[in-house]
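Visitor: I know my way around a bench, but structural vocabulary still makes me ask for reasons. Could you walk me through this one and tell me what stands behind each word?

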Amino acid sequence: MPASPHLPADTARDTARAEGAPSFSPLYRQIKGLIIGGLQAGEWKAGEAIPSELELAARFGVSQGTVRKAVDELAAESVLVRRQGKGTFVATHAEQKIQYRFLRLVPDEGSESLGRQLLDCRRQRAPAAIARQLQMRSGDAMIEVRRLLHSKGLPVVLDDIWLPGALFKGLTAERLEQHRGPFYGLFEAEFGVHMIRAQEKIRAVAADAETAELLKVAVGAPLLSVERLSFTYGDKPVEFRRGLYSTAAHFYRNELN
């Protein structure tokens, strides 16, 4: 997004229309779209401060209140983070309160951080079913990651993760092993891919022999199958994962707002 000290309201509306926003979209939603456009273009990176509301208002030629409403909505969606007395920053999965917001498995008692065990990381050609999810062509380069998450030494999640190879060149098992935080923090810090939202499909399944061995449950034991499609800016899908959750001592938590 080009840096402009002043963008009249009419121009802001025209730009928003050009970016696909409907003509009847409220002005603050159009400003929200322009801010997202700047994030998508890499103008403000994860963890960096964005300009003040006053500066953004002057830039887009709108009122400060209009900018505040746009920023409020982005903060509610965890795309931006407000810090009292410091300003507004691009959310990052390295931040404690954000890094596990996509992981909804909670112990029946207390709280915990899950341990991680990498089982596999390899490059392959995209199977047709996975390629469709990620809007790729069948046979395109893809990275497949398999891991276990542990609670108190016992496996509770088996994750299979598929990533577009073009976006994650250089991702190896060694880099995943060396990274101590969540994978999403690594993705944004080293590959510039920021996951901002996800869609999930949840169903009950029975453990097959391979899964039962890995999760240390009986064959046929009930599990939750959680399929997640994660998106970056512009609603571009950049990760598909299928997790099998053992819920003997955990539950899946969702908050409805």
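**Strands, helices and the words for them**

Guide: Gladly! Let us begin with a pair of residues to look up: Asp120 stands opposite Arg146 in β5. Please keep in mind that this is a predicted model.

Visitor: What makes β4 and β5 a pair?

Guide: Two strands count as paired when there are at least two bridges between them. Strand β4 (residues 115-125) and β5 have 10 bridges, in the antiparallel sense, so they meet that condition.

Visitor: Which strand joins β5 through another 10 bridges?

Guide: That is strand β6 (residues 154-164), which runs antiparallel to β5. For a position to find on screen, take Leu148, whose bridge partner in β6 is Leu158. The hairpin of β5 and β6 has 2 residues between the strands, and Lys152 there takes a positive phi near 55°.

Visitor: Why is β5 called largely enclosed?

Guide: A residue is buried when its relative accessible area is under 20%. In β5 (residues 141-151), 9 of the 11 residues are buried, so the rest of the structure largely encloses this strand. β9 is mostly covered too, with 8 of its 10 residues buried. For the whole protein chain of 257 residues, 44% count as buried.

Visitor: What is the order of the strands in the open sheet?

Guide: The sheet has 6 strands in the order β4-β5-β6-β9-β8-β7, and the pairing is antiparallel.

Visitor: Why are β4 and β7 said to stand at the edges?

Guide: Each of them has a single partner strand, so one side of β4 and one side of β7 (197-206) are left without a neighbour in the sheet. Neighbouring strands of this sheet are turned by 15° against each other on average, direction ignored.

Visitor: How many bridges does β9 form with β6, and how many with β8?

Guide: β6 and β9 pair over 6 bridges in the antiparallel sense; one position to look at is Ile161, whose bridge partner in β9 is Arg241. β8 and β9, also antiparallel, pair over 9 bridges. Here Thr232 stands opposite Lys236 in β9, and Ser230 has Glu239 as its bridge partner.

Visitor: How do you know whether Ser230 is buried or exposed?

Guide: We set its value against the cut-off. Ser230 has a relative accessible area of 0%, and buried means under 20%, so Ser230 is buried. This residue belongs to strand β8. Apart from neighbours within four places in sequence, its contacts include Tyr184, Met195, Arg197 and Ala198.

Visitor: Which residue in the turn of the β8 and β9 hairpin has a positive phi of about 75°?

Guide: That is Gly234, in a hairpin with 3 residues between the strands. Asp235, in the loop between β8 and β9, also has a positive phi, near 55°, and is a residue other than glycine.

Visitor: Why would a positive phi be worth pointing out?

Guide: Because most residues other than glycine have a negative phi. Lys216 is another example, with a positive phi of about 55° although it is not a glycine. You will find Lys216 in the loop between α9 (209-215) and β8 (222-232).

Visitor: Why is Lys216 called exposed, and why is Asp235 called partly exposed?

Guide: Exposed means over 50% relative accessible area, and Lys216 has 62%, so it passes that mark. Asp235 has 44%, which lies between 20% and 50%, so it is partly exposed.

Visitor: What makes α3 roughly perpendicular to α4?

Guide: The axes of helix α3 (residues 53-60) and helix α4 (residues 64-76) come within 8 Å and cross at roughly 115°. Angles of 65 to 115 degrees count as roughly perpendicular, so α3 is given that description relative to α4. The crossing is right-handed. Glu53, Leu54, Leu56 and Ala57 in α3 meet Gln64, Val67 and Arg68 in α4. The residues of this contact divide into 4 nonpolar, 1 polar and 2 charged.

Visitor: Which strands does helix α8 lie across?

Guide: Helix α8 (residues 183-191) lies across β4, β5, β6, β8 and β9, and runs at about 160° to β9. For the wider view, the protein chain has 9 helices and 10 strands.

Technical notes
Residues numbered from 1 in each chain as written. Predicted model: local features only at pLDDT ≥ 70, side-chain atom pairs only at ≥ 80, totals over all residues. Heavy atoms only, no water. Buried < 20%, exposed > 50% of the residue type's maximum accessible area, 1.4 Å probe, protein only. Helix = DSSP H or I, 4+ residues; strand = E, 2+ residues; numbered from the N terminus. Axes fitted to C-alpha atoms, helices over the stretch in contact; angles between N-to-C directions. Parallel < 35°, antiparallel > 145°, perpendicular 65-115°, else oblique. Left-handed = near helix turned anticlockwise from the far one by under 90°. Contact = heavy atoms within 4.5 Å. Nonpolar A, V, L, I, M, F, W, Y, C, P; charged D, E, K, R; others polar.
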